[in-house]
Amino acid sequence: MAQFELIMPKMGESIAEATITKWLKNEGDTIKLDEAVVEIATDKVDSEVPSTGEGVLIKKLFNEGDVVPVGAPIAVIGSDASASVAPVATPPVVEAPKPVVQAVQVVEQSIQAAADLNHSAQSGSRFYSPLVLNIAKTEGISMSELEAIPGTGNDNRVTKADILKYIANGRNQSSAPKSVSTPVPASSTPVTTEVKVQSSKIALMPGDEIVEMDRMRKLIADHMVMSKSTSPHVTSFVEVDVTNLVQWRDKIKGGFEKKEKEKITFTPIFIEAVVKAIKDFPNINVSLDGQNIIKRKNINIGMAAALPSGNLIVPVIKNADTKNLLGLVKDVNDLAKRARENKLQPDEITGGTYTITNVGTFGNVMGTPIINQPQVAILAVGAIRKKPAVLETEYGDVIAIRHMMFLSHSYDHRVVDGALGGA
């Protein structure tokens, strides 16, 4: 059997590269067709790369933690007889981009920034990635100072983590905090906001345990901080009577599941209601690009889903306004199932124009959700609870037991005022 290369697959239009997080096979291992060889991660989703043929893993072209462009070979697979061929040259390692920002934009901006500083990637005795050079420019770190930073990468290369640690430690014991320009994802042109990065030491106490954030939690943390620093959040609350909705669902859910082979939850019902509301108030279905408001034609609803790991992911139902309730039920169930199984594709968690999060799943009656950038609003639905409520009847007011629920609507006060956000 001849050799063939295992290629980094294309994972969506906005994905230019991925990080190798774990090799599932070692050199010399036998691999079957479609058997997973390596786990990879983007700033959107984790996935596995299956083998496109059978044979033996002859050569790994990258190590765990390396960033590989889409379309580049990551391993060589062949027959037992071909395992003794000459070694394959390992492509150069690409520095990991900053989380949340699309990789192509980061690289282009970093290269331009490095050129403006007259820092060369090949200056001095080491190679420097465009991202490291861009951080050095932003922080005012000279090439001589950069040369003095200890590197933990291949051939003592300075990684993003190395230079950020150097900055966080006060550089050369300097006490002055520096500002890092944090790119903010927008629909077309990234918007930057200045975020002060200041090191702080936490006192440890007996029995404390230090647990490093996993990759997804770091991305979520960066995205949440960026959203709060980008959008002035305002949250409006309203309590609604959903008794008729609860009774209708209880009445039809058994027959619905028997006929359609799908369970009907409250989520697709809420999504259908939100889509109708967006049609009545289209100015909530927008994004802000600098001083330009982009009015979205499509209504793409993101639904926040909790993962077994405790992390959060937001799959998106594209063109939700073109689907009936059955179509929404199928999409919600499918996306939720594959989210729990870590089988979502990158394109399935991008392109949202409005997001719903169900805090009621955890028994919470209300919440103050953080906007999923570059959107301008997000709705949290609380737990449905039986409560005494005043009803107006033709015979006068009465107190009755009703199913009540709070809705919490957070919106970007730069473009959404209380009148629109509350309505």
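Let's start with a small detail: the side chain of T235 makes a polar contact with the side chain of S410, at 2.8 Å. Keep in mind that this is a predicted model. In sequence the two residues sit 175 places apart, yet their C-alpha atoms are 4.1 Å from each other in space. T235 belongs to strand β11, which runs over residues 233-241. Beyond its sequence neighbours within four places, T235 also contacts G367, T368, S408 and H409, along with S410. Is T235 buried, exposed or partly exposed? Its relative accessibility is 24%, and because buried means under 20% and exposed over 50%, T235 counts as partly exposed.

Now move to helix α7, residues 266-280. With 15 residues at 1.5 Å each, α7 should span 21 Å, and its end C-alpha atoms are indeed 21 Å apart, so the two agree. At the N-terminal end T265 acts as a cap, with a side-chain oxygen 3.5 Å from the backbone nitrogen of T267. Plenty of α7 is tucked away: F266, P268, I269, F270, I271, V274, V275 and I278 are buried. Nonpolar side chains tend to be buried together in soluble globular proteins.

That brings us to the largest nonpolar core, which has 38 residues; I271, I301, I313, I317 and Y354 have the most contacts inside it. Elements giving two or more residues to this core include α5, α7, α8, β14 and β21. Which element gives the most? That's α7, with six residues. Follow I271 outward and, leaving out residues up to four places away in sequence, you find it touching I301, I317, L328, V332 and I356. There is also a second, separate core of 23 residues, with A18, V38, F62 and I77 among them.

Conventions: Residues are numbered from 1 along each chain as its sequence is written. This is a predicted model: local features need pLDDT of at least 70, side-chain atom pairs count only at pLDDT 80 or more; totals for chains, interfaces and linings use all residues. Side-chain values use heavy atoms; hydrogens and water are left out. Helices (H or I, at least four residues) and strands (E, at least two) are DSSP runs, numbered from the N terminus. The expected span of a helix is 1.5 Å times one less than its number of residues. Buried means under 20% relative accessible area, exposed over 50%, partly exposed in between (1.4 Å probe, protein chains only). A polar contact is a pair of N or O atoms within 3.5 Å; within protein, one must be able to donate a hydrogen and the other to accept it, and residues adjacent in sequence count only if both atoms are side-chain atoms. A nonpolar core is a set of buried Ala, Val, Leu, Ile, Met, Phe, Trp, Tyr and Cys residues joined through side-chain atoms within 4.5 Å. Contact means heavy atoms within 4.5 Å.
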